[in-house]
Amino acid sequence: MHIADVTMFYTPVSGGVRTYLEAKHRGLAGYVQHSLVVPGPQRSHNGYVHNVAAPRIPFGHGYRFPLRTKNWVDTLTRLRPDLIEAGDPYVTAWACLEAGQRLGVPVVGFYHSDLPRLVNSRVGHWTDPVLDNYISRLYSRFDLVLAPSQVMAEKLLRLGVEKVRLQPLGVDTTQFHPRHQYLPFKQTLGISDDVYLLIFVGRAAREKNIPLLLQTMKLLGKNYHLLLVGPGMPRAVPENASVIHEYVPADRIARYLASSDALIHAGDNETFGLVVLEAMASGIPVIGTRKGAVAELVVPGCGLLAETVSAPALAEAARNLFANGYHGMGRLARKRIEQFYDWDRILIQLLRQYRKLIGYTERKIEESRRA
């Protein structure tokens, strides 16, 4: 089997989509041939990665935005995969559909990002009807649509997309592990061992609600400290917060997570929340909100969820977590990840989806030939 993944969400500092694609490549090696088609400064080929020329987005953290489908379709038809997966809802998605039609192979759409939410968080809800119609029209054309969380699957179904399947992401349980704890970590931040260390790792995108985390820290006071890790984080923070203003590689993130007391996540519109899995795999509990996909991951015993998306509610959840055996919650979180979200387990599920779809498509082609 030859699978081609196509997305514009792939840069040296990109997050969940890149993690998913690289884990897929490692995990499926020996089972399938895997090609990755992504934007680059020029057409090039390095191993399994095929770059198609696309202009850089100004101030876009290295992202490039394809403008025409032709070169993408040409690349895919030259590769001749058995299945194509589109990882974004833009030009490349339409290129995948066209290439799939030319080759007679199934095309999967993975709904990694919620386009209407991303747009209305920046320009307002007046765009909702237009974008909802666009998503419905695009994703209804795929042979199968994968959604990383139940909340995203339900949204697609409400928009009239019928061929939707839940397909969660996973985590490398060896790379993210409690054994990576660095005991003097709090000392390096200038805080004492009896201060509770909260951490958030990610981009400082609007939907992450970073200002809400800072308001929460003001309410929690000197017995709590927040570490923000990632590019674009605010520089003006309360005294009980520290910031690492840079892209941090996974091995350092694993050490930071395992050395903290809990992850705190104020996002209320997450499509999945990969950092939540990474924190739980590292043996620490999670403080989140009841809105969005984070709530699906933080089941009882693995952390606490704020009842409302507000600083007082998050602060109350943090206080309750540390008053009720947070170490035990961290251990339960690790066990849950091992049981349900290890990449090996997730990729077996994914491969099963692919094989079923390819078999169905081959039967339909054979039936049409006989007719």
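**Helix H8, its sheet and the aromatic contacts**

In helix H8, the residues Ile210, Leu212, Leu213, Leu214, Thr216, Met217 and Leu220 are buried, where buried means under 20% relative accessible area, exposed over 50% and partly exposed in between, with a 1.4 Å probe and protein chains only. Helices (H or I, at least four residues) and strands (E, at least two) are DSSP runs numbered from the N terminus. The model is predicted, so local features need pLDDT of at least 70 and side-chain atom pairs count only at pLDDT 80 or more, while totals for chains, interfaces and linings use all residues. Residues are numbered from 1 along each chain as its sequence is written, and side-chain values use heavy atoms, with hydrogens and water left out.

What covers these buried residues of H8? The cover includes E9, E10, E12 and helix H12 (311-322), with contact meaning heavy atoms within 4.5 Å. After H8 comes Gly221, which has a positive phi near 85°.

The sheet beside this helix is an open one of six strands, in the order E11-E10-E9-E12-E13-E14 and with parallel pairing. Two strands pair if DSSP finds at least two bridges between them. In general, strands of a sheet pair through backbone hydrogen bonds, either parallel or antiparallel. At the edges of this sheet lie strand E11 (241-244) and strand E14 (303-306), each of which pairs on one side only. From one strand to the next the twist averages 25°; axes are lines fitted to C-alpha atoms, for helices over the stretch in contact, and angles run from 0 to 180 degrees between N-to-C directions. Strand E13 (residues 286-289) runs parallel to E14 and is joined to E14 by four bridges, with Thr289 opposite Ala306 in E14. Helix H8 (residues 210-220) packs on the sheet and touches strand E9 (196-201), strand E10 (224-229) and strand E12 (262-264). The direction of H8 makes about 160° with that of E10.

Between E9 and H8 there is a loop that holds Arg203. Is Arg203 buried, partly exposed or exposed? With a relative accessible area of 37%, Arg203 is partly exposed. Leaving aside neighbours within four places in sequence, Arg203 is in contact with Lys208, Pro231 and Met233. The C-alpha atoms of Arg203 and Glu246 are 9.5 Å apart, with their positions 43 residues apart along the chain.

Parallel pairing also appears around strand E7 (residues 144-147), where strand E6 (residues 107-110) is joined to E7 by three bridges and Val108 has Leu144 as its bridge partner. E7 likewise pairs with strand E8 (residues 164-166) in the parallel sense over three bridges, and Ala147 stands opposite Leu166 in E8. Both faces of E7 are covered: Leu144 and Leu146 are buried on one side, Val145 and Ala147 on the other.

Strand E1 contains His2, which is buried at a relative accessible area of 5%. Apart from neighbours within four places in sequence, the contacts of His2 are Gln33, His34, Ser35, Leu79, Arg80, Pro81, Asp82 and Leu83. A C-alpha separation of 4.5 Å is found between His2 and Gln33, 31 residues apart along the chain.

The aromatic side chains give a total of 14 pairs. Rings of Phe, Tyr and Trp (its six-membered ring) pair if their centres lie within 6.5 Å; planes under 30 degrees apart count as stacked, over 60 as edge-to-face and the rest as tilted. Phe9 and Tyr63 form an edge-to-face pair because their ring centres are 6.4 Å apart and their planes are at 85°. Phe9 lies in the loop between strand E1 (2-6) and helix H1 (16-28), and Tyr63 in the loop between strand E4 (49-53) and helix H2 (70-79), so this pair ties together parts that are 54 residues apart in sequence. Phe9 is buried at 15% relative accessibility, and Tyr63 is buried with a relative accessible area of 16%. Phe9 also pairs edge-to-face with Tyr90, their centres being 6.1 Å apart and their planes at 85°. Here the distant parts are the loop between E1 and H1 and, 81 residues away, the loop between strand E5 (83-86) and helix H3 (91-103), which holds Tyr90. Tyr90 is buried too, at 19%. Ring pairs link Phe9, Tyr63, Phe65 and Tyr90 into a cluster.
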